[in-house]
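Subject: Structure for you to look at

Hello,

Here is the structure I said I would pass on. Please have a look before reading my notes underneath.

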Amino acid sequence: MKAFWCERAWLPGGIADGVLIEVADGRVTAVTQDAPRVGTILNGLTLPGFANEHSHAFHRALRGRTHHERGTFWTWRERMYSLAARLDPDSYYRLARGVYAEMVLAGYTSVGEFHYLHHAPGGKPYASPNAMGEALREAARDAGIRLTLLDTCYLAGGIGVPPDEVQQRFSDGSAQRWAERVSLLEEEAGFRVGGAIHSVRAVPDAQLSEVDKGVPADRPLHVHLSEQRAENEQCLAAYGMTPTELLHSHGVVGERLTAVHATHLTDQDIKRLGDARAGVCFCPTTERDLGDGIGPARALLDAGARLGIGSDSNAVVDAFEETRALELDDRLASEQRGRFSVEELLAAGTDHAAVGWPEVGELAVGAGADLVTVAMDSVRTAGAEPSGVVFAAAATDVRSVVVAGREVVRDGGHLLVERPETVLAKEIEALWQL
């Protein structure tokens with residue numbers, strides 16, 4: 001039994017003072033308000049852990065390295081493919097360990113890794129066919145974060161286009177062979193397995209339902225959806241319908257689906273996703289970085305969809321920045337303030353169910369014991385109302401992180417990975433020197 005005394009805590013009913021949270025076997029067993037100071041003292045405001053619904057861990061090595069020629073999408077893509085060709089299971093483990101440690105320091109306690117870097121260069125399988133996925137599992141375990149490996153089916157370089165030399169690393173050749181490989185992955189404490197359709201460009205329409213069937217019904221399925229206008233145009237030209245309608249026609253749109261980006265949707269697309277109670281993951285910092293546009297977050301929530309956030313390319317790793325961007329970007333698009341309540345924003349930032357951890361996301365009895373404590377006396381948060389922390393705080397204000405009842409961050413320092421910034425610098429420099 002462990003006990004954490006929180007100066008203030010954001011409970012399901014609102015913010016309370018002097019909250020004692022008792023934990024056993026990774027779950028919250030009791031929550032007591034106005035309790036005496038006992039156990040581990042967490043000064044500041046304690047929130048449920050944030051959920052990072054969409055990550056490409058290896059993209060972290062692109063940060064600050066894709067702005068040549070004023071940083072077009074194509075300069076970014078060329079650098080990304082160059083990086084993908086350099087990684088092997090050992091180097092991917094070392095890089096991802098640093099990336100996941102950075103995520104925990106930023107307040108994330110679970111991550112959905114949209115994983116398509118499967119095979120050796122040229123597409124040859126490793127001796128262990130899931131060596132790259134296993135490297136990610138080990139990295140997450142050593143960094144102290146919950147991981148859902150969203151193993152991604154990626155079969156084509158575009159609609160009707162075979163994969164190029166780099167993309168051969170991503171492809172299993174067919175949805176059936178993809179599902180056979182994924183079935184070899186074994187779940188364990190802190191590690192779950194879901195699936196993903198990379199996009200309607202990368203999975204032929206005839207195999208979309210095969211990917212859906214290849215993922216157990218109680219596990220999440222994700223897809224890149226309508227991230228750029230060109231994707232919609234190509235899908236309309238090939239199939240006569242939008243990407244959302246194509247997925248719907250193959251029975252893929254449902255409550256376990258999370259559509260990532262969903263930037264360029266029609267009114268009918270929004271209705272389809274809302275009627276299905278599908279999740280939609282926005283990745284605002286990456287969508288800004290790539291110039292994708294601003295998605296219809298408020299309209300999707302009003303239609304019945306569930307919202308979440310992700311760090312995607314990891315150009316920025318900051319749970320507060322992604323969460324408040326749902327409001328701030330929607331203000332820019334609508335030219336109105338007050339698009340979301342703070343409760344709606346917190347719910348979006350802590351929706352662990354979208355990555356297969358439905359028991360996590362509240363400071364309540366029976367929930368997974370994931371706690372993030374934010375300093376309310378930093379230069380950024382000083383004077384802010386506790387309920388305004390989403391708008392005031394940054395990743396650097398995270399002082400303590402508890403994942404499944406275990407302290408992973410204390411006093412702003414990672415307890416499992418010494419100096420993550422040094423780990424990242426060393427591994428990223430080594431990759432670009434290859």
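The notes below cover an annotated domain, one loop residue and the packing of some helices.

Please keep in mind that this is a predicted model.

An unreviewed UniProt entry places the feature "domain: Amidohydrolase-related" at residues 47-408. The span is 34% helix and 17% strand, and its end C-alpha atoms lie 15 Å apart.

Thr 72 sits in the loop between strand 5 (50-55) and helix 1. With a relative accessibility of 34%, Thr 72 falls between the 20% limit for buried and the 50% limit for exposed, so it counts as partly exposed. Its C-alpha is 8.7 Å from that of Gly 291, although the two are 219 residues apart in sequence.

Helix 1 (residues 73-84) has 12 residues and reaches 16 Å from first to last C-alpha, close to the 16 Å expected. Its buried residues are Thr 75, Trp 76, Met 80, Tyr 81, Leu 83 and Ala 84. They pack against helix 9 (284-289) and helix 14.

Helix 14 (residues 420-432) also packs with helix 2 (residues 89-105), at an angle of about 145° and with the axes 9 Å apart. The crossing is left-handed. On the helix 2 side, the contact includes Arg 94, Leu 95, Arg 97, Gly 98 and Glu 102, and on the helix 14 side Pro 420, Val 423, Glu 427 and Leu 431 are among the residues involved. By class, this contact has nine nonpolar, two polar and four charged residues.

Regards

Key. Residues numbered from 1 in each chain as written. Predicted model: local features only at pLDDT ≥ 70, side-chain atom pairs only at ≥ 80, totals over all residues. Heavy atoms only, no water. Axes fitted to C-alpha atoms, helices over the stretch in contact; angles between N-to-C directions. Helix = DSSP H or I, 4+ residues; strand = E, 2+ residues; numbered from the N terminus. Left-handed = near helix turned anticlockwise from the far one by under 90°. Contact = heavy atoms within 4.5 Å. Nonpolar A, V, L, I, M, F, W, Y, C, P; charged D, E, K, R; others polar. Expected span 1.5 Å × (residues − 1). Buried < 20%, exposed > 50% of the residue type's maximum accessible area, 1.4 Å probe, protein only. UniProt positions renumbered as here; feature names shortened; annotations may be inferred.
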